[in-house]
Amino acid sequence: MTAIGTSQAGNNLDPWYHHYAERAAALRASEVRALFAVASRPEVVSLAGGMPYVAALPQDLVINAMDSVMRKQGPVALQYGSGQGVPLFREQILEVMALEGIRAHADDVVVTTGSQHALELVSKLFLDPGDVVIAEGPSYVTAMVIFKSYQADVDHVPMDEHGMIPEALREHIARLKAAGRKIKFLYTIPSFHNPAGVTLSWARRLEILEIAKANQILVLEDNPYGLLYFDQKAPDAMRSIERDGVVYLGTFSKTLAPGFRVGWALAPHAIREKLVLANEAAVLSPSSFSQLVISEYLSTADWKGQINTFRGVYRERKNAMLSALMEYLPELTWTNPNGGFYVWLNLPDTLDSKAMLPRAVKELVAYTPGTAFFADGQGRQNIRLSFCYPTPDHIRLGIRRLATVIRDELELLDTFAGTGSLFPAHDGRRFGAPPPDIN
Ligand SMILES: Cc1ncc(COP(=O)(O)O)c(C=O)c1O
């Protein structure tokens, strides 16, 4: 037997390197995560993360709910609970979903440790190595990390400003089927997409559900941002149209606070049973304490009013971002979200958002390069800009710094490669939006 550390079993950094399961290879620090360390330096304006602005939540609301829970039912809150979640709380979740047109039964709700955990459980139930998950291109980075950790491939269907393009979806399904691939589900973020900021139109929701049904593909609808609209509500959830073919994921992370780590899945009956078993296997039960505190908050506080407050905060920040983009980078295009946290910026084709990032950080602005949101290397000409966390003044400052970085980069390219124009006309392949109307 060879001693650990000197054997062929490992490498200099990790003696267990060759012992990991194959799926662990997909667990690499994402670009978003690596950025958090840099972006947390106070002098850097971070337009990178997706952290909600929890300071807009009055602390008293949470303190009162916690106090009341501990006084009224402390021993229950501190105990293990049911693998499916607290029954009264699941009823209250129905009221939240009703705001987006969903009618359901509390029996079909499974409380999870954030919707991230619901994504993990659904993947565990459905994905075998070599399976395919269809997702928008771009898509939510940490969902793709999970899909890849189950050794599934992600197939990106292109989007435009109305969300996933149904005709492209048809083509992708046909191509995958012709190649003998097993499509396990269609993962979509229809409202205020992360990272693209666009919303799937009502007509497309209907059409995509029809396509999924005709091809027997389960739809995994991930909806953390739906209630955070600015002026116009998003169309009702896809689950409001179709109950048997959709697993719907919700969360309190963006409408209340992510520190509770409480989300949920609403699933067709048979899938729901398996989800409960998978939940029990993974965590025994989701946090009783968090569920009871949120339940108390929902019963006693004006939670809809609080969501309105958040909507106002994010609306102001989005407007600050778009007006700064208009002022400092008028030659570029970007999406104009009507809710959520993100703007998707299109760069000139000559630039590479990933390569440019270290220079941006040197100029004290951080963003997430578009490549983080594709499983296949696309996205170099895109940047995700988050407006959720920094103040409007910081957003302006961040965009001004970003504009300097982009101009310097273009000038450098022009000097060496003679591109002939600082902002070469883009070729129309990237999805973009007309100049935004921010009023
Ligand atoms: C699209 C999407 N899904 C899921 C999550 C995870 O949320 P939670 O905090 O509920 O785990 C996020 C968080 O940013 C997200 O943007």
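## Ligand shell and local geometry in a predicted model

In this predicted model, the ligand is surrounded by 14 residues, and the closest of these are Ser 115, Asp 222, Tyr 225, Thr 251 and Ser 253. Sorted by class, the shell around the ligand is made up of 5 nonpolar, 6 polar and 3 charged residues. Helix α4, which spans residues 114-126, supplies the largest share of that shell, with 3 residues.

Three polar contacts to the ligand can be described, and they are set out in the table below, with the part of the residue that takes part in each.

| Residue | Atom of the residue | Atom of the ligand | Distance |
|---|---|---|---|
| Ser 115 | backbone N or O | oxygen | 2.7 Å |
| Asp 222 | polar side-chain atom | nitrogen | 2.6 Å |
| Ser 253 | side-chain N or O | oxygen | 2.6 Å |

The ligand, taken alone, exposes 400 Å², and the protein buries 93% of that area.

Helix α4 also holds Leu 121, a residue that is buried, with a relative accessible area of 1%. Setting aside residues up to four places away in sequence, Leu 121 touches Thr 112, Leu 275, Ala 278, Asn 279 and Ala 282. Between Leu 121 and Asn 382 there are 31 Å in space, C-alpha to C-alpha, and the two residues are 261 residues apart in sequence.

Two further buried residues belong to helix α3 and to the loop that comes after α3. Gln 92 is part of helix α3, residues 87-98, and with a relative accessible area of 9% Gln 92 counts as buried, because the limit for that class is under 20%. When residues up to four places away in sequence are not counted, Gln 92 touches Ser 295, Leu 298 and Ser 299. Asp 108 is placed in the loop between α3 and β2, the latter being residues 109-112. With a relative accessible area of 16%, Asp 108 is likewise under the 20% limit and therefore buried. Its contacts, leaving aside neighbours within four places in sequence, are with Gln 84, Ala 265, Leu 266, Ala 267, His 269 and Arg 272.

Helix α11, residues 353-362, can be described by its two sides. Its buried residues include Ser 353, Met 356, Leu 357, Ala 360 and Val 361. These residues lie on the same side of α11 because they cover an arc of only 145 degrees around the axis. The spacing follows from the fact that an α-helix has 3.6 residues a turn, so that residues three or four places apart point the same way. On the other side of α11, by contrast, Pro 358 and Lys 362 are exposed. At the start of this helix, a side-chain oxygen of Asp 352 comes to within 2.9 Å of the backbone nitrogen of Lys 354. After α11 comes Leu 364, which has a positive phi, near 70 degrees.

The loops of the model also contain backbone geometry that deserves a separate description. The peptide bond that runs from Gly 137 to Pro 138 is cis, with omega near 5 degrees, and Pro 138 has its place in the loop between β3 (132-137) and α5 (141-149). Another cis peptide bond joins Asn 194 and Pro 195, where omega is about 15 degrees. Pro 195 is found in the loop between β6, residues 183-188, and α7, residues 202-214.

The loop between β6 and α7 also holds Phe 192, which has a positive phi of about 50 degrees although Phe 192 is not a glycine. Is this residue buried or exposed? Phe 192 is buried, its relative accessible area being 1%. A positive phi, of about 55 degrees, is found for Gln 216 as well, again although this residue is not a glycine. Gln 216 lies in the loop between α7 and β7, the latter comprising residues 218-222. At 75% relative accessibility, Gln 216 counts as exposed, because the limit for that class is over 50%.

Key:
Residues are numbered from 1 along each chain as its sequence is written. This is a predicted model: local features need pLDDT of at least 70, side-chain atom pairs count only at pLDDT 80 or more; totals for chains, interfaces and linings use all residues. Side-chain values use heavy atoms; hydrogens and water are left out. A residue is near a molecule or strand if one of its heavy atoms lies within 4 Å of it. A polar contact is a pair of N or O atoms within 3.5 Å; within protein, one must be able to donate a hydrogen and the other to accept it, and residues adjacent in sequence count only if both atoms are side-chain atoms. Accessible areas come from the Shrake-Rupley method with a 1.4 Å probe; for residues, only the protein chains shown count as cover. Helices (H or I, at least four residues) and strands (E, at least two) are DSSP runs, numbered from the N terminus. Ala, Val, Leu, Ile, Met, Phe, Trp, Tyr, Cys and Pro count as nonpolar, Asp, Glu, Lys and Arg as charged, and the others, Gly among them, as polar. Buried means under 20% relative accessible area, exposed over 50%, partly exposed in between (1.4 Å probe, protein chains only). The arc is that of the directions from the helix axis to the C-beta atoms. Contact means heavy atoms within 4.5 Å.
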